[in-house]
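Please open the model in a viewer and keep the selection panel at hand. The stops below proceed from the pair of chains to a single residue.

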2 protein chains.
Amino acid sequence: MNDVPPQVIAVLGRGLVPADEALLLGDDLGVTRGDGCFDALRVTNDARGVRVHHRDGHLARFARSAARLQLADAPPSAAWEDLIDAWDNPGEAVLKLVLTRGRESVATAPFGYLTLTSVPDYGIARRGVTAVTLDRGHRSDTFTDAPWLLGGVKTLSYAVNVAARREAAARGVDEVVWRSSDGYLLEGPTSGLVFAADDRLWTTPTAGTGILDSVTVAAVFDVARRNGVDTGEALFTPAQARRCDGVWLVSAIRGVLPVTELDGDPLNHDPAVTSVLAVAGGFPPID
Amino acid sequence: MNDVPPQVIAVLGRGLVPADEALLLGDDLGVTRGDGCFDALRVTNDARGVRVHHRDGHLARFARSAARLQLADAPPSAAWEDLIDAWDNPGEAVLKLVLTRGRESVATAPFGYLTLTSVPDYGIARRGVTAVTLDRGHRSDTFTDAPWLLGGVKTLSYAVNVAARREAAARGVDEVVWRSSDGYLLEGPTSGLVFAADDRLWTTPTAGTGILDSVTVAAVFDVARRNGVDTGEALFTPAQARRCDGVWLVSAIRGVLPVTELDGDPLNHDPAVTSVLAVAGGFPPID
(Lines give C-alpha, C1' and ligand atoms only; values in the text may rest on other atoms or scores of the structure.)
Protein backbone atom coordinates (compact mmCIF):
# COMPACT_ATOMS: atom_id res chain seq x y z
CA MET A 1 0.00 0.00 0.00
CA ASN A 2 1.23 3.45 -0.90
CA ASP A 3 1.13 6.37 1.50
CA VAL A 4 -2.33 7.87 1.68
CA PRO A 5 -2.23 11.61 2.33
CA PRO A 6 -4.32 12.95 5.22
CA GLN A 7 -7.94 13.10 4.06
CA VAL A 8 -11.36 13.77 5.58
CA ILE A 9 -14.66 13.19 3.81
CA ALA A 10 -18.22 14.35 4.46
CA VAL A 11 -21.42 13.36 2.67
CA LEU A 12 -24.13 15.99 2.25
CA GLY A 13 -27.02 15.28 4.57
CA ARG A 14 -24.97 12.78 6.54
CA GLY A 15 -21.79 14.42 7.80
CA LEU A 16 -18.30 13.01 8.28
CA VAL A 17 -17.60 9.49 7.04
CA PRO A 18 -14.43 7.43 7.38
CA ALA A 19 -12.06 8.27 4.49
CA ASP A 20 -11.67 4.59 3.60
CA GLU A 21 -15.42 3.95 3.41
CA ALA A 22 -16.98 3.44 -0.02
CA LEU A 23 -19.56 6.16 -0.76
CA LEU A 24 -20.93 5.61 -4.24
CA LEU A 25 -23.22 2.89 -5.54
CA GLY A 26 -22.15 1.00 -8.64
CA ASP A 27 -24.86 2.62 -10.76
CA ASP A 28 -24.24 6.20 -9.65
CA LEU A 29 -24.37 8.38 -12.77
CA GLY A 30 -21.32 10.26 -11.56
CA VAL A 31 -19.37 7.08 -12.25
CA THR A 32 -21.24 5.45 -15.12
CA ARG A 33 -21.64 8.67 -17.15
CA GLY A 34 -19.38 11.28 -15.53
CA ASP A 35 -22.72 13.06 -15.08
CA GLY A 36 -22.20 15.62 -12.38
CA CYS A 37 -20.00 18.55 -11.47
CA PHE A 38 -17.26 19.46 -9.04
CA ASP A 39 -15.18 22.33 -7.84
CA ALA A 40 -11.89 22.51 -6.00
CA LEU A 41 -10.82 25.05 -3.38
CA ARG A 42 -7.48 25.67 -1.76
CA VAL A 43 -7.30 25.29 2.00
CA THR A 44 -4.33 26.39 4.07
CA ASN A 45 -3.64 25.69 7.70
CA ASP A 46 -0.97 27.87 9.27
CA ALA A 47 -0.54 30.47 12.01
CA ARG A 48 -3.67 32.18 10.67
CA GLY A 49 -5.74 29.04 11.19
CA VAL A 50 -7.63 26.99 8.63
CA ARG A 51 -8.58 29.19 5.68
CA VAL A 52 -10.65 28.35 2.59
CA HIS A 53 -9.48 30.58 -0.27
CA HIS A 54 -11.86 32.38 -2.65
CA ARG A 55 -14.76 30.51 -1.11
CA ASP A 56 -17.58 32.66 -2.52
CA GLY A 57 -16.22 32.53 -6.08
CA HIS A 58 -15.93 28.75 -6.02
CA LEU A 59 -19.34 28.22 -4.47
CA ALA A 60 -20.89 30.49 -7.09
CA ARG A 61 -19.15 28.60 -9.90
CA PHE A 62 -20.20 25.26 -8.43
CA ALA A 63 -23.81 26.47 -8.38
CA ARG A 64 -23.52 27.61 -12.02
CA SER A 65 -22.14 24.20 -13.05
CA ALA A 66 -25.00 22.44 -11.27
CA ALA A 67 -27.57 24.73 -12.87
CA ARG A 68 -26.13 24.15 -16.37
CA LEU A 69 -26.46 20.40 -15.78
CA GLN A 70 -30.04 20.95 -14.54
CA LEU A 71 -28.96 19.48 -11.20
CA ALA A 72 -30.47 20.89 -8.06
CA ASP A 73 -27.59 22.65 -6.32
CA ALA A 74 -26.92 21.21 -2.90
CA PRO A 75 -25.15 23.83 -0.82
CA PRO A 76 -22.51 22.10 1.31
CA SER A 77 -23.74 23.75 4.55
CA ALA A 78 -23.29 21.56 7.63
CA ALA A 79 -21.02 19.00 5.95
CA TRP A 80 -18.66 21.83 5.03
CA GLU A 81 -18.41 22.98 8.64
CA ASP A 82 -17.87 19.41 9.86
CA LEU A 83 -15.00 19.03 7.42
CA ILE A 84 -13.24 22.24 8.37
CA ASP A 85 -13.68 21.51 12.08
CA ALA A 86 -12.09 18.08 11.59
CA TRP A 87 -9.03 19.40 9.72
CA ASP A 88 -5.85 19.67 11.75
CA ASN A 89 -3.18 18.94 9.13
CA PRO A 90 -0.68 21.75 8.49
CA GLY A 91 0.15 23.08 5.03
CA GLU A 92 -1.93 23.16 1.87
CA ALA A 93 -4.93 21.02 1.01
CA VAL A 94 -7.62 20.74 -1.64
CA LEU A 95 -11.30 20.83 -0.73
CA LYS A 96 -13.36 19.16 -3.43
CA LEU A 97 -17.11 19.48 -3.81
CA VAL A 98 -18.64 16.68 -5.88
CA LEU A 99 -22.28 16.49 -7.01
CA THR A 100 -23.59 13.60 -9.12
CA ARG A 101 -27.02 13.10 -10.67
CA GLY A 102 -27.64 10.11 -8.41
CA ARG A 103 -28.47 6.56 -9.45
CA GLU A 104 -28.86 5.39 -13.05
CA SER A 105 -31.31 2.52 -12.52
CA VAL A 106 -33.76 4.47 -10.37
CA ALA A 107 -34.57 8.17 -10.02
CA THR A 108 -32.92 9.63 -6.90
CA ALA A 109 -31.86 13.01 -5.63
CA PRO A 110 -28.37 14.19 -6.61
CA PHE A 111 -25.60 12.78 -4.44
CA GLY A 112 -23.12 15.24 -2.97
CA TYR A 113 -19.98 14.95 -0.93
CA LEU A 114 -16.82 16.82 0.02
CA THR A 115 -13.26 15.63 0.35
CA LEU A 116 -10.42 17.53 2.00
CA THR A 117 -6.98 16.16 1.13
CA SER A 118 -3.40 17.31 1.78
CA VAL A 119 -1.57 18.24 -1.41
CA PRO A 120 2.13 18.11 -2.27
CA ASP A 121 4.34 21.19 -2.29
CA TYR A 122 3.96 22.98 -5.64
CA GLY A 123 6.90 25.30 -4.94
CA ILE A 124 8.95 24.06 -7.90
CA ALA A 125 6.10 24.40 -10.43
CA ARG A 126 5.41 27.87 -9.08
CA ARG A 127 8.89 28.88 -10.27
CA GLY A 128 8.28 27.72 -13.85
CA VAL A 129 6.82 24.99 -16.03
CA THR A 130 7.34 23.81 -19.58
CA ALA A 131 4.27 23.25 -21.72
CA VAL A 132 3.10 21.82 -25.02
CA THR A 133 0.08 22.97 -27.01
CA LEU A 134 -2.42 20.25 -27.94
CA ASP A 135 -5.39 20.57 -30.28
CA ARG A 136 -8.65 20.58 -28.28
CA GLY A 137 -10.54 19.50 -31.39
CA HIS A 138 -12.92 22.44 -31.70
CA ARG A 139 -12.88 26.02 -32.93
CA SER A 140 -12.71 28.97 -30.54
CA ASP A 141 -16.37 29.85 -31.27
CA THR A 142 -17.86 26.33 -31.14
CA PHE A 143 -19.77 26.69 -27.89
CA THR A 144 -21.86 29.66 -29.00
CA ASP A 145 -25.51 28.49 -29.00
CA ALA A 146 -24.56 24.85 -28.18
CA PRO A 147 -25.34 24.47 -24.47
CA TRP A 148 -25.40 20.67 -24.75
CA LEU A 149 -21.61 20.76 -25.24
CA LEU A 150 -21.37 21.97 -21.62
CA GLY A 151 -18.74 24.60 -22.31
CA GLY A 152 -17.64 26.29 -19.10
CA VAL A 153 -19.19 23.59 -16.91
CA LYS A 154 -16.80 21.89 -14.49
CA THR A 155 -18.21 18.40 -15.12
CA LEU A 156 -17.02 15.06 -13.80
CA SER A 157 -16.26 14.12 -17.46
CA TYR A 158 -12.57 15.05 -17.46
CA ALA A 159 -11.06 11.97 -19.13
CA VAL A 160 -9.70 14.02 -22.06
CA ASN A 161 -8.06 16.47 -19.66
CA VAL A 162 -6.37 13.56 -17.88
CA ALA A 163 -5.30 12.04 -21.22
CA ALA A 164 -3.74 15.38 -22.19
CA ARG A 165 -1.62 15.27 -19.06
CA ARG A 166 -0.43 11.77 -19.96
CA GLU A 167 0.50 13.11 -23.41
CA ALA A 168 2.49 15.93 -21.80
CA ALA A 169 4.33 13.46 -19.61
CA ALA A 170 5.08 11.27 -22.65
CA ARG A 171 6.57 14.33 -24.36
CA GLY A 172 8.66 15.20 -21.33
CA VAL A 173 6.97 18.50 -20.47
CA ASP A 174 5.12 19.61 -17.36
CA GLU A 175 1.85 21.03 -18.67
CA VAL A 176 -0.59 21.24 -21.58
CA VAL A 177 -2.11 24.37 -23.09
CA TRP A 178 -5.22 23.57 -25.13
CA ARG A 179 -5.23 25.09 -28.62
CA SER A 180 -8.41 25.58 -30.66
CA SER A 181 -8.54 24.14 -34.18
CA ASP A 182 -8.43 27.73 -35.48
CA GLY A 183 -5.14 28.26 -33.70
CA TYR A 184 -5.78 30.05 -30.40
CA LEU A 185 -4.54 29.16 -26.92
CA LEU A 186 -7.56 28.40 -24.73
CA GLU A 187 -6.70 27.16 -21.22
CA GLY A 188 -4.89 24.36 -19.46
CA PRO A 189 -6.67 21.06 -18.75
CA THR A 190 -7.22 22.22 -15.16
CA SER A 191 -6.06 25.84 -15.21
CA GLY A 192 -6.76 29.24 -16.71
CA LEU A 193 -4.39 31.29 -18.86
CA VAL A 194 -2.97 34.75 -18.18
CA PHE A 195 -0.84 36.81 -20.56
CA ALA A 196 1.11 40.03 -19.95
CA ALA A 197 1.24 42.27 -23.03
CA ASP A 198 1.00 46.00 -23.79
CA ASP A 199 1.26 46.84 -20.06
CA ARG A 200 -1.91 44.87 -19.36
CA LEU A 201 -2.93 41.48 -18.04
CA TRP A 202 -5.14 39.40 -20.30
CA THR A 203 -7.07 36.19 -19.95
CA THR A 204 -8.97 34.14 -22.51
CA PRO A 205 -12.71 34.85 -22.97
CA THR A 206 -15.22 32.23 -21.82
CA ALA A 207 -18.03 33.22 -24.22
CA GLY A 208 -18.22 30.74 -27.11
CA THR A 209 -14.83 29.18 -26.34
CA GLY A 210 -15.98 26.56 -23.82
CA ILE A 211 -13.32 27.84 -21.40
CA LEU A 212 -14.06 27.48 -17.69
CA ASP A 213 -14.10 30.79 -15.86
CA SER A 214 -11.15 30.77 -13.48
CA VAL A 215 -11.91 31.92 -9.94
CA THR A 216 -8.20 32.47 -9.27
CA VAL A 217 -7.64 34.53 -12.42
CA ALA A 218 -10.60 36.71 -11.41
CA ALA A 219 -9.08 37.17 -7.93
CA VAL A 220 -5.65 38.07 -9.36
CA PHE A 221 -7.23 40.54 -11.82
CA ASP A 222 -9.25 42.19 -9.04
CA VAL A 223 -6.04 42.92 -7.15
CA ALA A 224 -4.33 44.06 -10.34
CA ARG A 225 -7.05 46.57 -11.17
CA ARG A 226 -7.02 47.90 -7.61
CA ASN A 227 -3.31 48.54 -8.16
CA GLY A 228 -3.85 50.38 -11.43
CA VAL A 229 -3.07 47.56 -13.87
CA ASP A 230 -5.58 47.22 -16.69
CA THR A 231 -7.00 43.79 -17.49
CA GLY A 232 -8.83 42.45 -20.51
CA GLU A 233 -9.93 39.39 -22.46
CA ALA A 234 -8.29 38.28 -25.69
CA LEU A 235 -7.31 35.18 -27.64
CA PHE A 236 -3.62 34.72 -28.40
CA THR A 237 -1.96 32.44 -30.93
CA PRO A 238 1.21 30.58 -29.89
CA ALA A 239 3.23 33.05 -31.99
CA GLN A 240 1.65 35.98 -30.16
CA ALA A 241 2.28 34.27 -26.81
CA ARG A 242 5.98 34.09 -27.65
CA ARG A 243 6.01 37.89 -27.94
CA CYS A 244 4.21 38.42 -24.61
CA ASP A 245 6.08 39.62 -21.52
CA GLY A 246 4.79 36.58 -19.65
CA VAL A 247 2.34 33.67 -19.85
CA TRP A 248 0.95 31.89 -16.76
CA LEU A 249 -1.18 28.84 -16.10
CA VAL A 250 -3.34 29.69 -13.08
CA SER A 251 -5.20 27.23 -10.91
CA ALA A 252 -6.81 27.37 -7.50
CA ILE A 253 -4.63 24.65 -6.04
CA ARG A 254 -1.29 24.81 -7.82
CA GLY A 255 -1.16 28.60 -8.05
CA VAL A 256 0.29 30.96 -10.66
CA LEU A 257 2.69 28.93 -12.80
CA PRO A 258 4.91 30.85 -15.24
CA VAL A 259 5.24 29.01 -18.58
CA THR A 260 8.92 29.25 -19.39
CA GLU A 261 8.82 27.16 -22.56
CA LEU A 262 6.00 26.53 -25.05
CA ASP A 263 6.35 23.84 -27.74
CA GLY A 264 10.12 23.96 -27.18
CA ASP A 265 10.44 27.74 -27.57
CA PRO A 266 11.44 29.87 -24.57
CA LEU A 267 8.84 32.37 -23.32
CA ASN A 268 9.58 35.67 -21.62
CA HIS A 269 9.13 35.55 -17.88
CA ASP A 270 10.00 37.78 -14.94
CA PRO A 271 10.07 36.08 -11.52
CA ALA A 272 9.26 39.40 -9.82
CA VAL A 273 6.01 39.71 -11.79
CA THR A 274 5.15 36.06 -11.09
CA SER A 275 5.67 36.72 -7.39
CA VAL A 276 3.33 39.73 -7.44
CA LEU A 277 0.64 37.72 -9.27
CA ALA A 278 1.06 34.79 -6.87
CA VAL A 279 0.56 37.02 -3.83
CA ALA A 280 -2.46 38.62 -5.53
CA GLY A 281 -3.98 35.13 -5.80
CA GLY A 282 -3.27 34.35 -2.15
CA PHE A 283 -0.19 32.20 -2.75
CA PRO A 284 3.26 32.61 -1.19
CA PRO A 285 5.69 34.97 -2.91
CA ILE A 286 8.34 33.38 -5.15
CA ASP A 287 11.65 33.59 -3.33
CA MET B 1 -38.45 5.45 -2.90
CA ASN B 2 -38.96 4.59 -6.55
CA ASP B 3 -39.04 1.05 -7.85
CA VAL B 4 -35.54 -0.33 -8.23
CA PRO B 5 -35.29 -2.79 -11.13
CA PRO B 6 -33.77 -6.20 -10.42
CA GLN B 7 -29.99 -5.78 -10.26
CA VAL B 8 -26.97 -7.87 -9.31
CA ILE B 9 -23.44 -6.51 -8.90
CA ALA B 10 -20.01 -8.12 -8.75
CA VAL B 11 -16.65 -6.53 -8.01
CA LEU B 12 -13.59 -7.87 -9.82
CA GLY B 13 -11.45 -9.86 -7.43
CA ARG B 14 -14.21 -10.00 -4.86
CA GLY B 15 -17.35 -11.47 -6.41
CA LEU B 16 -21.00 -10.71 -5.77
CA VAL B 17 -21.86 -7.77 -3.54
CA PRO B 18 -25.27 -6.55 -2.37
CA ALA B 19 -26.78 -4.23 -5.00
CA ASP B 20 -27.43 -1.52 -2.40
CA GLU B 21 -23.85 -1.55 -1.07
CA ALA B 22 -21.63 1.42 -1.91
CA LEU B 23 -18.60 0.32 -3.97
CA LEU B 24 -16.54 3.36 -4.84
CA LEU B 25 -14.41 5.55 -2.61
CA GLY B 26 -14.98 9.29 -2.74
CA ASP B 27 -11.65 9.90 -4.48
CA ASP B 28 -12.02 7.22 -7.14
CA LEU B 29 -10.89 8.74 -10.45
CA GLY B 30 -13.85 7.14 -12.19
CA VAL B 31 -15.99 9.63 -10.26
CA THR B 32 -13.74 12.64 -9.80
CA ARG B 33 -12.46 12.66 -13.42
CA GLY B 34 -14.67 10.26 -15.39
CA ASP B 35 -11.31 8.53 -15.90
CA GLY B 36 -12.10 4.98 -16.92
CA CYS B 37 -14.04 3.01 -19.48
CA PHE B 38 -17.12 0.84 -19.72
CA ASP B 39 -19.02 -1.37 -22.07
CA ALA B 40 -22.62 -2.57 -22.10
CA LEU B 41 -23.89 -5.96 -23.26
CA ARG B 42 -27.43 -7.20 -23.80
CA VAL B 43 -28.52 -10.18 -21.72
CA THR B 44 -31.72 -12.10 -22.38
CA ASN B 45 -33.31 -14.73 -20.19
CA ASP B 46 -35.96 -16.83 -21.92
CA ALA B 47 -36.67 -20.43 -22.93
CA ARG B 48 -33.11 -20.59 -24.28
CA GLY B 49 -31.67 -19.69 -20.89
CA VAL B 50 -29.52 -16.72 -19.92
CA ARG B 51 -27.61 -15.47 -22.98
CA VAL B 52 -25.03 -12.69 -23.26
CA HIS B 53 -25.19 -11.25 -26.78
CA HIS B 54 -22.09 -10.48 -28.89
CA ARG B 55 -19.90 -11.21 -25.91
CA ASP B 56 -16.57 -11.47 -27.74
CA GLY B 57 -17.07 -8.22 -29.63
CA HIS B 58 -17.87 -6.29 -26.47
CA LEU B 59 -15.01 -7.79 -24.48
CA ALA B 60 -12.61 -6.94 -27.31
CA ARG B 61 -13.88 -3.35 -27.45
CA PHE B 62 -13.66 -3.03 -23.66
CA ALA B 63 -10.03 -4.18 -23.83
CA ARG B 64 -9.31 -1.63 -26.60
CA SER B 65 -10.87 1.18 -24.53
CA ALA B 66 -8.75 0.18 -21.51
CA ALA B 67 -5.59 0.03 -23.63
CA ARG B 68 -6.23 3.48 -25.13
CA LEU B 69 -6.56 4.85 -21.60
CA GLN B 70 -3.34 3.05 -20.62
CA LEU B 71 -5.33 1.11 -18.06
CA ALA B 72 -4.44 -2.49 -17.41
CA ASP B 73 -7.38 -4.48 -18.73
CA ALA B 74 -8.99 -6.57 -16.03
CA PRO B 75 -10.86 -9.43 -17.68
CA PRO B 76 -14.12 -10.01 -15.81
CA SER B 77 -13.44 -13.76 -15.38
CA ALA B 78 -14.90 -15.19 -12.17
CA ALA B 79 -17.03 -12.15 -11.32
CA TRP B 80 -18.70 -12.52 -14.71
CA GLU B 81 -19.64 -16.13 -14.03
CA ASP B 82 -20.94 -15.26 -10.55
CA LEU B 83 -23.17 -12.62 -12.05
CA ILE B 84 -24.68 -14.83 -14.75
CA ASP B 85 -25.20 -17.65 -12.26
CA ALA B 86 -27.07 -15.28 -9.94
CA TRP B 87 -29.41 -13.95 -12.65
CA ASP B 88 -32.91 -15.39 -12.65
CA ASN B 89 -34.98 -12.44 -13.91
CA PRO B 90 -36.86 -12.98 -17.16
CA GLY B 91 -36.70 -10.63 -20.14
CA GLU B 92 -33.94 -8.26 -21.22
CA ALA B 93 -31.14 -6.84 -19.11
CA VAL B 94 -27.96 -4.80 -19.51
CA LEU B 95 -24.62 -6.11 -18.31
CA LYS B 96 -22.22 -3.23 -17.70
CA LEU B 97 -18.48 -3.58 -17.28
CA VAL B 98 -16.89 -0.60 -15.55
CA LEU B 99 -13.16 -0.02 -15.08
CA THR B 100 -11.80 3.07 -13.31
CA ARG B 101 -8.20 4.19 -12.85
CA GLY B 102 -8.51 3.72 -9.09
CA ARG B 103 -7.96 6.30 -6.40
CA GLU B 104 -6.89 9.89 -6.99
CA SER B 105 -5.03 10.59 -3.76
CA VAL B 106 -2.91 7.45 -3.81
CA ALA B 107 -1.72 5.15 -6.61
CA THR B 108 -3.83 1.98 -6.74
CA ALA B 109 -4.71 -0.69 -9.26
CA PRO B 110 -7.70 0.00 -11.53
CA PHE B 111 -11.05 -0.75 -9.93
CA GLY B 112 -13.46 -2.92 -11.91
CA TYR B 113 -17.00 -4.10 -11.40
CA LEU B 114 -20.00 -5.43 -13.28
CA THR B 115 -23.68 -4.63 -12.93
CA LEU B 116 -26.54 -6.62 -14.42
CA THR B 117 -29.84 -4.72 -14.46
CA SER B 118 -33.27 -5.38 -15.96
CA VAL B 119 -34.18 -2.91 -18.69
CA PRO B 120 -37.57 -1.60 -19.84
CA ASP B 121 -39.28 -2.89 -22.98
CA TYR B 122 -37.90 -1.01 -26.00
CA GLY B 123 -40.60 -2.40 -28.31
CA ILE B 124 -42.05 1.01 -29.15
CA ALA B 125 -38.67 2.60 -29.98
CA ARG B 126 -37.84 -0.41 -32.12
CA ARG B 127 -40.78 0.55 -34.35
CA GLY B 128 -39.54 4.09 -34.94
CA VAL B 129 -37.96 7.13 -33.31
CA THR B 130 -37.81 10.83 -34.12
CA ALA B 131 -34.40 12.52 -33.95
CA VAL B 132 -32.72 15.88 -34.03
CA THR B 133 -29.19 16.58 -35.25
CA LEU B 134 -26.92 18.44 -32.82
CA ASP B 135 -23.48 19.88 -33.51
CA ARG B 136 -20.81 17.73 -31.81
CA GLY B 137 -18.42 20.67 -31.93
CA HIS B 138 -15.65 19.11 -34.03
CA ARG B 139 -14.91 18.33 -37.67
CA SER B 140 -15.25 14.82 -39.06
CA ASP B 141 -11.44 14.50 -39.31
CA THR B 142 -10.50 15.99 -35.92
CA PHE B 143 -9.35 12.80 -34.23
CA THR B 144 -6.68 11.93 -36.78
CA ASP B 145 -3.34 12.06 -34.94
CA ALA B 146 -4.92 13.35 -31.71
CA PRO B 147 -5.07 10.28 -29.44
CA TRP B 148 -5.46 12.48 -26.33
CA LEU B 149 -8.99 13.36 -27.52
CA LEU B 150 -9.91 9.68 -26.86
CA GLY B 151 -11.93 9.28 -30.06
CA GLY B 152 -13.51 5.83 -30.20
CA VAL B 153 -12.87 5.15 -26.51
CA LYS B 154 -15.97 4.29 -24.47
CA THR B 155 -14.94 6.43 -21.49
CA LEU B 156 -16.84 7.18 -18.31
CA SER B 157 -16.86 10.86 -19.42
CA TYR B 158 -20.28 10.88 -21.08
CA ALA B 159 -21.75 14.07 -19.60
CA VAL B 160 -22.11 15.69 -23.04
CA ASN B 161 -23.92 12.62 -24.36
CA VAL B 162 -26.35 12.81 -21.45
CA ALA B 163 -26.81 16.56 -21.99
CA ALA B 164 -27.65 15.89 -25.64
CA ARG B 165 -30.44 13.57 -24.56
CA ARG B 166 -31.84 16.28 -22.28
CA GLU B 167 -31.75 18.65 -25.28
CA ALA B 168 -33.67 16.10 -27.37
CA ALA B 169 -36.30 15.76 -24.66
CA ALA B 170 -36.60 19.56 -24.42
CA ARG B 171 -37.20 19.64 -28.19
CA GLY B 172 -39.82 16.89 -27.95
CA VAL B 173 -37.94 14.25 -29.95
CA ASP B 174 -36.72 10.80 -28.98
CA GLU B 175 -33.09 10.74 -30.05
CA VAL B 176 -30.02 12.77 -31.04
CA VAL B 177 -27.80 12.25 -34.06
CA TRP B 178 -24.46 13.98 -33.64
CA ARG B 179 -23.42 16.17 -36.58
CA SER B 180 -19.83 17.22 -37.25
CA SER B 181 -19.07 20.93 -37.66
CA ASP B 182 -18.39 20.20 -41.36
CA GLY B 183 -21.91 18.86 -41.73
CA TYR B 184 -21.81 15.06 -41.52
CA LEU B 185 -23.93 12.74 -39.39
CA LEU B 186 -21.63 10.89 -37.00
CA GLU B 187 -23.43 8.63 -34.49
CA GLY B 188 -25.96 8.81 -31.68
CA PRO B 189 -24.84 9.68 -28.13
CA THR B 190 -25.01 5.95 -27.29
CA SER B 191 -25.62 4.30 -30.65
CA GLY B 192 -24.14 3.72 -34.09
CA LEU B 193 -25.67 4.82 -37.40
CA VAL B 194 -26.72 2.65 -40.34
CA PHE B 195 -27.94 3.90 -43.72
CA ALA B 196 -29.54 2.00 -46.60
CA ALA B 197 -28.67 3.49 -49.98
CA ASP B 198 -27.74 2.19 -53.42
CA ASP B 199 -28.74 -1.36 -52.44
CA ARG B 200 -26.11 -1.39 -49.71
CA LEU B 201 -25.91 -0.90 -45.98
CA TRP B 202 -23.51 1.78 -44.77
CA THR B 203 -22.17 2.88 -41.44
CA THR B 204 -20.01 5.84 -40.48
CA PRO B 205 -16.22 5.38 -40.44
CA THR B 206 -14.42 5.42 -37.10
CA ALA B 207 -11.01 6.58 -38.40
CA GLY B 208 -10.50 10.26 -37.65
CA THR B 209 -14.15 10.87 -36.74
CA GLY B 210 -13.98 9.92 -33.07
CA ILE B 211 -16.93 7.56 -33.61
CA LEU B 212 -17.13 4.50 -31.37
CA ASP B 213 -17.07 1.24 -33.30
CA SER B 214 -20.47 -0.37 -32.84
CA VAL B 215 -20.39 -4.07 -31.94
CA THR B 216 -24.05 -4.43 -32.94
CA VAL B 217 -23.58 -2.73 -36.32
CA ALA B 218 -20.70 -5.11 -37.00
CA ALA B 219 -22.90 -8.09 -36.10
CA VAL B 220 -25.74 -6.88 -38.33
CA PHE B 221 -23.32 -6.27 -41.22
CA ASP B 222 -21.80 -9.74 -40.84
CA VAL B 223 -25.22 -11.29 -41.29
CA ALA B 224 -26.00 -8.94 -44.19
CA ARG B 225 -22.83 -9.89 -46.07
CA ARG B 226 -23.51 -13.59 -45.52
CA ASN B 227 -26.86 -12.94 -47.18
CA GLY B 228 -25.36 -11.20 -50.18
CA VAL B 229 -25.93 -7.57 -49.12
CA ASP B 230 -22.90 -5.34 -49.60
CA THR B 231 -21.80 -3.09 -46.74
CA GLY B 232 -19.52 -0.08 -46.60
CA GLU B 233 -18.41 2.98 -44.69
CA ALA B 234 -19.39 6.51 -45.65
CA LEU B 235 -20.30 9.88 -44.20
CA PHE B 236 -23.74 11.26 -45.04
CA THR B 237 -25.06 14.79 -44.68
CA PRO B 238 -28.60 15.29 -43.34
CA ALA B 239 -29.73 16.08 -46.91
CA GLN B 240 -28.23 12.80 -48.16
CA ALA B 241 -29.85 10.92 -45.25
CA ARG B 242 -33.23 12.22 -46.36
CA ARG B 243 -32.68 10.53 -49.73
CA CYS B 244 -31.65 7.18 -48.17
CA ASP B 245 -34.01 4.19 -48.16
CA GLY B 246 -33.61 3.99 -44.39
CA VAL B 247 -31.59 5.34 -41.43
CA TRP B 248 -31.23 3.46 -38.15
CA LEU B 249 -29.72 4.16 -34.74
CA VAL B 250 -28.22 0.89 -33.54
CA SER B 251 -27.26 0.06 -29.98
CA ALA B 252 -26.49 -3.13 -28.12
CA ILE B 253 -29.30 -2.69 -25.62
CA ARG B 254 -32.08 -0.81 -27.38
CA GLY B 255 -31.63 -2.54 -30.73
CA VAL B 256 -32.12 -1.33 -34.31
CA LEU B 257 -34.21 1.84 -34.17
CA PRO B 258 -35.53 3.23 -37.46
CA VAL B 259 -35.32 7.02 -37.57
CA THR B 260 -38.65 8.09 -39.01
CA GLU B 261 -38.10 11.83 -38.73
CA LEU B 262 -34.89 13.90 -38.72
CA ASP B 263 -34.97 17.60 -37.81
CA GLY B 264 -38.70 17.56 -38.51
CA ASP B 265 -38.40 16.01 -41.99
CA PRO B 266 -39.79 12.50 -42.59
CA LEU B 267 -37.25 9.81 -43.51
CA ASN B 268 -37.90 6.78 -45.67
CA HIS B 269 -38.34 3.61 -43.68
CA ASP B 270 -39.57 0.10 -44.37
CA PRO B 271 -40.66 -1.91 -41.31
CA ALA B 272 -39.83 -5.16 -43.12
CA VAL B 273 -36.20 -4.09 -43.57
CA THR B 274 -36.03 -2.94 -39.96
CA SER B 275 -37.29 -6.34 -38.86
CA VAL B 276 -34.62 -8.16 -40.91
CA LEU B 277 -31.88 -5.93 -39.45
CA ALA B 278 -33.23 -6.41 -35.91
CA VAL B 279 -33.16 -10.20 -36.25
CA ALA B 280 -29.64 -9.98 -37.72
CA GLY B 281 -28.60 -8.15 -34.54
CA GLY B 282 -30.20 -10.76 -32.29
CA PHE B 283 -33.33 -8.73 -31.48
CA PRO B 284 -36.96 -9.82 -31.88
CA PRO B 285 -38.59 -9.25 -35.27
CA ILE B 286 -40.85 -6.19 -35.58
CA ASP B 287 -44.44 -7.38 -35.67
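**From the two copies to one loop**

Begin with both chains displayed: a turn of 180 degrees and a shift of 0.0 Å along the axis lay chain B on chain A with an RMSD of 0.0 Å, the superposition being by least squares on the C-alpha atoms of residues with pLDDT of at least 70 in both. The two copies are therefore related as by a two-fold rotation axis. Next, select S157(B), whose C-alpha is the nearest to the axis in chain B, 1.9 Å from it.

The model is predicted: local features need pLDDT of at least 70, side-chain atom pairs count only at pLDDT 80 or more, and totals for chains, interfaces and linings use all residues. Residues are numbered from 1 along each chain as its sequence is written, while chains are lettered from A and ligands numbered from 1 in the order in which they are written.

Now select the interface, to which chain B and chain A each bring 49 residues; a contact requires C-beta atoms, placed from the backbone, within 7 Å. On the side of chain B that touches chain A, α4(B) gives the most, with seven residues. That side comprises 25 nonpolar, 16 polar and eight charged residues.

Finally, move to A125(A), in the loop between β6 (111-118) and β7 (129-135) of chain A. Beyond its neighbours within four places in sequence, A125(A) is in contact with D174(A), R254(A) and L257(A). For a last view, add S105(A): this residue and A125(A) are 20 residues apart in sequence and 43 Å apart in space, C-alpha to C-alpha.

Conventions: Two residues are in contact if their C-beta atoms, placed from the backbone, lie within 7 Å. Helices (H or I, at least four residues) and strands (E, at least two) are DSSP runs, numbered from the N terminus. Ala, Val, Leu, Ile, Met, Phe, Trp, Tyr, Cys and Pro count as nonpolar, Asp, Glu, Lys and Arg as charged, and the others, Gly among them, as polar.
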